[in-house]
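Visitor: I am new to this kind of picture. Could you show me how to read a few features, one at a time?

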Amino acid sequence: MKNKVLVIGAGIAGLSAAYRLHKAGFSVTVLEASERVGGRMSSDTVEGCVFDRGAQFLSRSYTSLLPLIEEVGLGYALKEISAPASAVLLNGKLCQMRADNPFTMLASGLLPLGAWLKSGGFLIRVGAKIGNMPLDDYAAFADFDDEDAAEWLKTEVGEHVLEYLFEPALEGLYFQQPEGTSKALALWLTGYSVRRGTLLTLTSGLGALPEALAAPLDVRLNSPIEHLRVTAKEVKARTVDGQIFRADYAVLATTAPVAKKIYSQAAQWTESLLSTRYSTTANLGLGTRIHWNDQPDLKNVYGILIPRCERQNIAAIAIESHKQTSRVPQGEFLDIMLAGAAGARLIGASDAEITEAIVAEAEPHFPGLRNEIRFSHLVRWEQAEPLSPIGRSRAIREYRQKWTPDRRVLLAGDYMATPTTDGAAHSGLWAAGKIINLTGGEQ
């Protein structure tokens, strides 16, 4: 008889686990609280424009997601983004930079010569330190999980690089500040700069991957779990409407607060992981009648990062036609993300209030924006990205060392990995691999 596995949560972590287990011959049921799969890796099509609701980009350096994309037949849709540059706001001016050409940070005025030289030396030192360490596995960075990122970076690269490279990247991608963040995460993030992985997208939106992973699976939507219980022989999950699901093992692939609420039997040494706090944001999609491709500081720019010394509410702006021209049939489509503090402050505001705050701040970079909006599309993420204080990497490593088969429940999700879709997928694949190895299933 096939081993039965419950996967709770149909985000990229849960679906990666479920897909791998299904391919290995297990009987898998996926229980998802919401009405759709994908979670924060999902996409909408609004008036012909593709809107990535959460995650915005993939990287050529991803080692968990890219093989899955090929495996489910989406390799044809995987494309390098159309524009080569990003931009950072400095004294009201957009300064362009390219990952494949570090000289652009100097030429654009983003970094003065001294800071540029210091950052180059830093990348060399980091490259030697982390070598070929896996960027999808946060547990691998546990030995560096011992110092505050902001203090460490001030010493290593100085205030200017901290404020105009690290802070806007950390806030624009993960909606959190370097203060209170572990050096381990700063090293991990720098790893992408060291490897200069090309940014990628899926032509129909990043949500195409979770949808493809879910296609062959038994996925039960609108099935929030009230309680997860482990006995000597099985795992039993009860939904809020009273349905009971039984299995030999379960992969609990929700956010940390949800996992903590429903899994009361979790080991005491998982407490710090299950207590992981999250940043908050909102994504606003704006479809416009015109584009700004002729504006010099926006030409060839796929995204804008706004440092804290320059921002009011906005952390990042993605220009969708510069990801892929096919995403925007006419005009332009902007995907604008609130900074973490702004997200926490505005999450309860009305759609109109959030839209007004964003448009007022974005208009100087997109002249005439307010009068050219065709439609808007707002998505709120109260639990956007897991925070990474000192200790989270070490806690993940400890969890993996201490977990034993009699517990029957394996934790997965972004808080069990690096705060990327690749990291979340890695956590799901790790959990699936443990079950396969324990039961003799096919890899």
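Guide: Here is a short tour through some helices, a pocket and a loop. Please keep in mind that this is a predicted model.

Visitor: Let us begin with helix α6. Where does its kink lie?

Guide: To find a kink, follow the helix axis and look for a change in its direction. In α6, which spans residues 159-174, there is a kink of about 30 degrees at F166. The proline P168 comes shortly after that point.

Visitor: How many residues of α6 are buried?

Guide: The helix is mostly covered, with 13 of its 16 residues buried. Just past its end comes F175, which has a positive phi, near 60 degrees.

Visitor: Which residues are in contact with T190, apart from its neighbours within four places in sequence?

Guide: They are F122, L123, V126 and F166, and F166 is where α6 has its kink. T190 itself belongs to helix α7, residues 183-195.

Visitor: Is T190 buried or exposed?

Guide: Compare its relative accessibility with the cut-off: under 20% is buried. T190 has 2%, so it counts as buried. Its side chain also reaches the backbone oxygen of A186, at 2.7 Å. Here is a general idea that helps with such pairs: an α-helix has 3.6 residues a turn, so residues three or four places apart point the same way.

Visitor: What about S427: buried or exposed?

Guide: Use that reading again: with a relative accessibility of 1%, S427 counts as buried. You will find S427 in helix α16, residues 421-439. Its side chain reaches the backbone nitrogen of G413 at 2.8 Å. Leaving aside neighbours within four places in sequence, the contacts of S427 include A13, R400 and M416.

Visitor: Now for a pocket. How much space lies in the second largest one?

Guide: The second largest pocket holds about 210 Å³. It is lined by 18 residues, and those closest to its centre are E171, F175, Q176, Q177 and A341. Helix α12, residues 340-346, gives the largest share of the lining, 4 residues.

Visitor: How do the residues of that lining divide?

Guide: Sort them by side-chain type, and you get 6 nonpolar, 7 polar and 5 charged.

Visitor: Last, the loop with G197. Where does it lie?

Guide: G197 is in the loop between α7 and β9. Beyond residues up to four places away in sequence, G197 touches S59, R60, S61 and Y192. For a sense of distance, look at A232: it is 35 residues from G197 along the chain, and their C-alpha atoms are separated by 46 Å.

Key. Residues are numbered from 1 along each chain as its sequence is written. This is a predicted model: local features need pLDDT of at least 70, side-chain atom pairs count only at pLDDT 80 or more; totals for chains, interfaces and linings use all residues. Side-chain values use heavy atoms; hydrogens and water are left out. The bend at a residue is the angle between axes fitted to the seven residues ending there and the seven starting there. Helices (H or I, at least four residues) and strands (E, at least two) are DSSP runs, numbered from the N terminus. Buried means under 20% relative accessible area, exposed over 50%, partly exposed in between (1.4 Å probe, protein chains only). A polar contact is a pair of N or O atoms within 3.5 Å; within protein, one must be able to donate a hydrogen and the other to accept it, and residues adjacent in sequence count only if both atoms are side-chain atoms. Contact means heavy atoms within 4.5 Å. On a 1 Å grid over the protein atoms alone, a cavity is a set of points where a 1.4 Å probe fits but cannot get out, and a pocket is an open set with protein on both sides within 12 Å along at least five of seven lines; lining residues have an atom within 4 Å of a point. Grid points are joined across faces, edges and corners, and a volume is the space filled by probe spheres set on the points. Ala, Val, Leu, Ile, Met, Phe, Trp, Tyr, Cys and Pro count as nonpolar, Asp, Glu, Lys and Arg as charged, and the others, Gly among them, as polar.
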